[in-house]
Amino acid sequence: MNNILVLPMILPVLVGVILVFLRPYIRVQRMLSLLTTMASAAVAAYCLHHIHLNGIMRLDFGDWLPPHGILFVGDSFAMLLVLGACAVSSIILLYAFAMTGIETESMFFYPFFLFLVAGVNGSFLTGDLFNLFVCFEVMLLASYVLLTLGGRKTQLKEGMTYVLINVLASWFFLLGIAYLYGVLGTLNMAHIAVRVAETGQGPLLTLIAIIFLIVFSLKAGLLLYFWLPGSYSAPPTAVAALFGALLTKVGIYALYRMFTLIFIHDPVIYKIIGVLAIVTMVAGCLGAIAYSDIRQIVSYNVIISVGFVLTGLAIATNTAYQGASYYLIHDMISKALLFLLAGTVVYLTGRSKFNEISGLIRNYPLVGWLFFLTMLAIAGIPPFSGFIGKIYIGLGAIETGSYVLLAVSFLSGIGVLYSLLRIFLNSFWGETIISEDDQKPFQKKIGLPLVLLAVLIIGLGIGAELLSPYIQDAADGLADPKQYIRAVMGDDLE
Amino acid sequence: METLITLLVGVLVAVGVYLLLSKEMLRIILGTAILSHAIHLLLLTMGGLKKGDVPLLTETAAEYTDALPQALILTAIVISFAVTAFLLVLSYRVYQEAGRGPRLRGRQDE
């Protein structure tokens, strides 16, 4: 029965390969890719419930029992993220159908979209450090192609920076793996955790932990985010939304996995993460307020939320983990919606600076009100999805007395609100400057994915009760790494 | 033997970083390729180089070489090959688009 665990990764890969051969048949490609992501989401939802009832799932490839083989481990935290990623990417696909030109679509857009989803899901599910590296690379190679597909000048320039940064990050990742293998002789994450607990986390292991911290910070955009605003604002809207929703989450997931399972014995690292998170939030706010380009502002908002989610890791209590799990799901959905809205505004007006746009809400009321709703959700206003995550992370901060983190993370919410309000007031309010004739028609096809994401945001806020048992599972798993280790290594190796 | 390879890794890293810091696109790409070779050698060294026999003869073999690092390197080589190929194509496109001397410099207002 556990074999089902491999589906969220293998389905997109297989269908992606098939789609390569179906290049001329765009409609077939669209249908198949949408079906694939939806099927993956369904599998993830089923697995999530299964984990809730029966505990963590594990799949040993080729029946090589751990620690010898490679394996997939599905715990609630990973499965929640897989579910979020698949659901959001299905909706982004709907947007891509409407907005991506035939030219791009026939250049293998959908296969690479699916490979990216496969890489993301694989990274969430793997229980083996080297497998994590491989899944990262699958995801990154697909993202390189999606970023540069179309070949505009900015895309190529930002693509070059993005590829080089990620090659360097991968280099450091391998460095960390090499040292870890030299010291401990294993790459299975649960086994590493057991060995680290046995030998104690000496200076050498702390050094390796910091190498991994650097690697995943680069991927997540924690402090080392300088590449992010450029490369997230260069590609077409659907791709930018996919990046904003998924790519940094993988880095965040890896950070959570590393520092709740393996390197948990040295409290200094949590202090470092806390400081990094604070600097990230402050710098992200400054960036979001400094720019007047809508896409830049939206990209800087990604950075702020990365800092916010990682305050949860710095606090490291069960409550904070609950908040972080909840906030990660919320962030996937709301960032996707924010990127799609920003892209839609740029498409409708042909301009990207908010002070050159005015009065959009008269011509396109749906876009205007959805933007308003997203803004409230991201800032954490109660009926919407951001609120509960923020409250739990805040509660965790109060429990442990980390008031600086608390203050900065909640003040960053004001930064978010201010930066988005500036867009809202300038470009949606005021006199319209588009004449009736120049007005671009707003197609229903664009509206549908936007509305679906908005429904998810509201549903996540109101239906938090429904999701809470799974969130609770995820937080318990993160707070008590023994659960994960026991699920992988069996009872005798605790 | 380990010492020798470690020194070689150091030299390769130095060469790779030097190339990465230059302005020419092609040199940068060569730099990434050399860096990845350095890290592959490091992976091999960390697994232990000479342990007396081939990987896993029988279940009771007293001496055998660890096969895992080699499997890891094989995968890593494939990946770095793919990335290098992509980078070369990308730099060619940049060259086409930007004309002579594509440079990775910032814009005026940055």
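# Exercises on a predicted two-chain model

Across the interface of chain B and chain A of this predicted model, the rule finds zero salt bridges. The exercises below begin with that interface and then turn to single residues and charged pairs.

**Exercise 1.** Describe the interface of chain B and chain A by its extent, its polar links and the elements of chain B that build it.

*Solution.*
Step 1, extent. In chain B, 34 residues are in contact with 27 residues of chain A. The area buried between the two chains is about 2,700 Å², and carbon and sulfur atoms give 84% of that area. B:I39, B:M46 and B:F86 lose the most area to chain A among the residues of chain B, together 20% of what that side buries.

Step 2, polar links. Salt bridges number zero here, while two residue pairs are in polar contact, both at pLDDT 80 or more.

Step 3, elements. Each of α1 (2–20), α2 (25–46) and α3 (68–98) of chain B supplies at least two residues of the side that touches chain A. The largest share, 16 residues, comes from α3(B).

Step 4, residue classes. That side of chain B has 23 nonpolar, six polar and five charged residues.

**Exercise 2.** Summarise the architecture of chain B as a whole.

*Solution.*
Step 1. The secondary structure of chain B comes to three helices and zero strands, and along the sequence the pattern reads α-α-α.

Step 2. Chain B has 110 residues, of which 33% count as buried. Its accessible surface comes to about 7,100 Å², with 64% belonging to carbon and sulfur atoms.

Step 3. Among the contacts in chain B between residues at least 6 apart in sequence, 53% join residues at least 24 apart.

**Exercise 3.** Determine whether A:S40 is buried or exposed, and identify its contacts outside the local sequence.

*Solution.*
Step 1. A:S40 has its place in helix α2 (residues 26–54) of chain A.

Step 2. Buried means under 20% relative accessible area. A:S40 has a relative accessible area of 0%, and therefore counts as buried.

Step 3. With neighbours within four places in sequence left aside, A:S40 is in contact with A:P8, A:L11, A:P12 and A:C86.

**Exercise 4.** Place A:F108 and A:A316, for each of which phi is near 60°, in the secondary structure of chain A.

*Solution.*
Step 1. For A:F108 the phi value is positive in a residue other than glycine. A:F108 is found in helix α4 (residues 102–125) and is partly exposed, at 24% relative accessible area.

Step 2. A:A316 likewise has a positive phi in a residue other than glycine. A:A316 lies in the loop between α12 (294–315) and α13 (318–349), and is partly exposed at 30% relative accessibility.

**Exercise 5.** Analyse three of the salt bridges in the structure by location and burial.

*Solution.*
Step 1. Over all chains, the search finds seven salt bridges.

Step 2. A:R30 pairs with A:E105, the closest N and O atoms being 3.0 Å apart. The pair links distant parts of the chain, from helix α2 to helix α4 of chain A, 75 residues apart. A:R30 is partly exposed at 22%, whereas A:E105 is buried at 1%.

Step 3. A:D60 forms a salt bridge with A:R58 at 2.9 Å between the closest N and O atoms. A:D60 is buried, at 14% relative accessible area; A:R58 is partly exposed, at 21%.

Step 4. A:D331 and A:K249 meet in a salt bridge of 3.1 Å, N to O. This pair joins helix α13 to helix α10 (residues 237–262) of chain A, 82 residues apart. Both residues are buried. Salt bridges that share partners join A:K249, A:D331 and A:K335 into one network.

Technical notes:
Residues numbered from 1 in each chain as written. Chains lettered and ligands numbered in written order. Predicted model: local features only at pLDDT ≥ 70, side-chain atom pairs only at ≥ 80, totals over all residues. Heavy atoms only, no water. Contact = heavy atoms within 4.5 Å. Buried area = accessible area lost by both parts, 1.4 Å probe. Salt bridge = Lys/Arg side-chain N within 4 Å of Asp/Glu carboxyl O. Polar contact = N/O pair within 3.5 Å; in protein donor to acceptor, adjacent residues only side chain to side chain. Helix = DSSP H or I, 4+ residues; strand = E, 2+ residues; numbered from the N terminus. Nonpolar A, V, L, I, M, F, W, Y, C, P; charged D, E, K, R; others polar. Buried < 20%, exposed > 50% of the residue type's maximum accessible area, 1.4 Å probe, protein only. Areas by Shrake-Rupley, 256 points an atom, 1.4 Å probe, with all protein chains shown as cover.
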